[in-house]
Amino acid sequence: MNASNIVENQAYFPDEQAKETAKDIKETLTLLEQFYDVPIVKFTDFSNQLSEKIITCDDSIVIENELTQYQQRCTEEKLYLYEDTFFDGVFNNDNNRIRFYAQFPIYSNNNTLMGLLIIASLAPKSLAGSQKDQFISFAQLLQTQINKSAKPSQETQSSKQNSSKRKNYIHIFSLAPVSFLIALVLCAFTAVLLYSLEKKELQNEYNQQTQQLRETLFNALERFDNQGLYISQKDLIVAGFLQSQSSYTKEQLNNLVQSQAVGNLTYKGYVVFDSEYNQLAFWSKNNFNLAAYGFKNWLSKFNNRSNKKTVEVFTVADTAFLVSEIKINNRSIYTITAFDLSKFLKSIIGKLNTQNYDIYISTPQFTLGKQGEVSPRVITHSISALSNRFPPTWRLHVQPIKKITPPITTKYSLFRLGFITFLVFISVYYFLRLPRRLHDELKQKNQLILNREKLFSSSINALPHGFAIFNSNEQPVITNDAFNQLFSKIHKQNNQLSYTKLISIAQQHNIINHYHEHNKLDNEHNQLIDIGFTDGKWITVLQRHTNFGGFVCYFRDDTEAHQKETLLADVLKKSKESNQLKEKFVTRLSQQLKAPLTSLKSIIEVSKKPMSSADLSKYISNISIVSEQLECVIQQLININKSKKWKLKLKVKPINLNKILNNISTILNKDVINKNVLINNNINDDISIISDEKLISQLILQLSSEFIGNSYKSKLTINTEVTKQDKKDFLNIHFSIDNLANSNDFYEQLREVVTNDTLNSNDDIDSSLEIKFFISVFKMLGGQKLDINERNKTTTISLCLLISVTKQPLLEALSPIVSDEIPVKQNVETAKTLLLVDDEPLVEIVIKAMLKNENIIIDYACNAIEAMLLVSQNNYDIILMDIVMPELSGTDAMLKIKKHVDSGTKIIAHTSNLDTDSKYVKLGFDDTLLKPVKQAVLIEKIGRFLQ
């Protein structure tokens, strides 16, 4: 190496760290020796301070001298990166032991050559592509270990100081002579550099082709020797048989020989002789006369040779005869194996990847290739090697199909080089001659970039929601003010916390009380996360993973939407509770219907038999009573429906209170022997009460049913009396029962109404349907007072109703004080229900006008929140949903509604987007209706779902 490239000792390796660095180098060399299984590993330090070596073979002095020779050769040829395999001696001395050598340069921090990493072996070796990369990795590891403890040189430090002081006067280089001179120098430098690079590239390509040729020869020679060894090993099997048998027949030996040789395509024959040249075994192919070659004379010449070897090979034409001598128990056994050299060569070529090379075997008699015998002139421009298994006169040749030529620079390369250097000259001269205004323009553009970065930062900070970008280590790279404000309590201590650590600390300090990660979306790249803060904030995080290993988080403040969703959940919960009460109410009505229906069935059975006129009148009277009982029960359902639609009307007429109480008692008393309801009517028979008969029946029946249904083996006592106060008549009804269940929802809600004194309030009572119905009927009948008394285990509820009392029956014409309700256009029992959701009120008018004759009841909601409240309280057959609405979109509302309604409700997307027919169906809608809608299309689509 050049002396100028050698690093000074004191400049890079302080004494206090030299021992530690040497230890690291030794460990790296040990790993290198174990990884490649080579006996020679060395690091040459040009400063002679950190040189280390591992040589595990004999004659280390000879090995060291050879390494020095290889290193000098690489220095002379300027080969810093070198790897080669030698089959013959590289130098004049043929006794060189090293057959493989590879080196890699080690550079300092300032890119100065400071040493070499060397590996070598005594046997030919080749490094595969991955092994070469590993060798470079070991060199880089060694370079890192050395440079981490090196001191920066004084030259490097001074250059940094000078560069900081140096001023760049661009206008000086804009002068024409200076620009021309600089461009000319750079042009010449570029020409030299490109010429050197091209020459080096051609030389590398030539070296690579030569190395591949040597590797192919090495692999073919190894396969050639292995095949020869395989042929020789057959003789050992025969010798083992002869040695193991005390006696044997020629037929046995013949069978053994045939079994060993018949399966190989290259064999032509095989003969076994004893020491007297008597034939013991013989096998030959049908078309090959093995006995015609006079083997006994061959064996005699073989024994009489002065330089006789254990194995000799004789060749006749393309057939090789391998003669072997095997000594067994002080006697010799001779074997002669005849095999086809052409097929032998083809079997070797067939197991190698030699598509770019031809392989030949040359002997003193002939030269064979894969096509048969060829002329010796054919194998020019090839490399050859000797075999360890066959005679030294035999050589294995490998010839490249495309001739490997030394690197030569062509006229085209020179022309291309001149053209490139000319372009470099023009470019450098042009840019050096740019006026000062161009530099000002660059400065302005640079300022523009800085302004854009400032604008980007201000735009990020202007986002109302938190935004942050995290790298692959979850460290924050970019954050905005909203994100920093969100975690301000934690950022006061450390603003570079990882995402996982940030969330963990927030949970430990009770800043976050809810954290839930949803399933990943869009091919495992996006994820939704819900975060709840203790101060009431609710954040939805969209976490999107990027290709560089990090992720982007968008923290959206969904506090208001979460509160609405929580409110909706409470409404849904109350709705479910209301539905349970409805089911209980229906169950109670079905039980009340059993008594009159049973009586009616009995009357029908009796009426089938012949009867007198008196019996007929009696049964007709019984039928009338049963009809009144059925009407009393059924009227509850009718009145409840009317009370919901604000159509409950008062119909006043004279009533027989005693008859009403008896009917209720009959309905509720299922067992005649053990009555559950006792009636004490303290009103004189000559007094007539003027009120609504059906509503009074419903009021008494509902309250009685609730008490009976929530008590165990208890009797209900109903006491009635008429009192007079301030010239007004009042009907007092007292309900008394023992052991009323504490879990009675109806009673608890009624007691809360009485306790809070909300009975006479005009506001809507927040309670169940039964309570609302009871209070509305109570008010319709002129309810004045409602008291609840609890004494021991007895509970008493007292009702006070304003009535009129007369001793004379009223005229028929005076009974209907208030007319019946106005009939509606739709048949309520068979009509279908539709909910229209749209933030434009005009759409409601249009849709209702189009469907006015379709027997469909239409409810309207102006936004998605109101729609979800209506759905929680009512069942709809169809929901016509607008997509673009304030606060919550129609798609989000559809997804939330689908969670809480049965599959019978169909939701149709009502949108003006023409390209969304399939889009909204994929999102979950049942169909799509385009705006503005036509009446025929609307009726056809709705009718399809209502069939």
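1. Phe-487 and Phe-555 are both buried, and since everything in this note rests on a predicted model, that description applies to the model as computed. The two residues form an aromatic pair of the edge-to-face kind, with 6.0 Å from centre to centre and 80° between the planes.

2. Where do Phe-487 and Phe-555 lie along the chain? Phe-487 sits in the loop between helix 13 (481-486) and helix 14 (488-491), while Phe-555 belongs to strand 21 (residues 551-557), so their pairing ties together parts that are 68 residues apart in sequence.

3. This pair is one of 25 aromatic pairs in the structure. Phe-487 and Phe-555 also take part in one aromatic cluster, which they form together with Phe-470, Phe-483, Tyr-499, Phe-533 and Phe-551.

4. Helix 19 (residues 693-709) invites a check of its length: at 1.5 Å a residue, its 17 residues should span 24 Å, and the end C-alpha atoms are indeed 24 Å apart, which agrees with that expectation. Of the 17 residues in helix 19, 14 are buried, so this helix is largely enclosed by the rest of the structure.

5. Turning to the surface, Phe-419, Ile-420, Phe-422, Leu-423 and Ile-426 make a nonpolar patch of about 460 Å². Among them, Ile-426 is found in helix 11 (residues 411-432). Is Ile-426 buried, partly exposed or exposed? Its relative accessible area is 42%, and Ile-426 therefore counts as partly exposed, because that class lies between the cut-offs of 20% and 50%. As background, an α-helix has 3.6 residues a turn, so residues three or four places apart point the same way.

Conventions
Residues numbered from 1 in each chain as written. Predicted model: local features only at pLDDT ≥ 70, side-chain atom pairs only at ≥ 80, totals over all residues. Heavy atoms only, no water. Helix = DSSP H or I, 4+ residues; strand = E, 2+ residues; numbered from the N terminus. Expected span 1.5 Å × (residues − 1). Buried < 20%, exposed > 50% of the residue type's maximum accessible area, 1.4 Å probe, protein only. Phe/Tyr/Trp six-rings, centres within 6.5 Å; stacked < 30°, edge-to-face > 60°. Patch = residues over 30% accessible without salt bridge, like charges linked within 9 Å, V, L, I, M, F, W, Y side chains within 5 Å. Areas by Shrake-Rupley, 256 points an atom, 1.4 Å probe, with all protein chains shown as cover. Salt bridge = Lys/Arg side-chain N within 4 Å of Asp/Glu carboxyl O.
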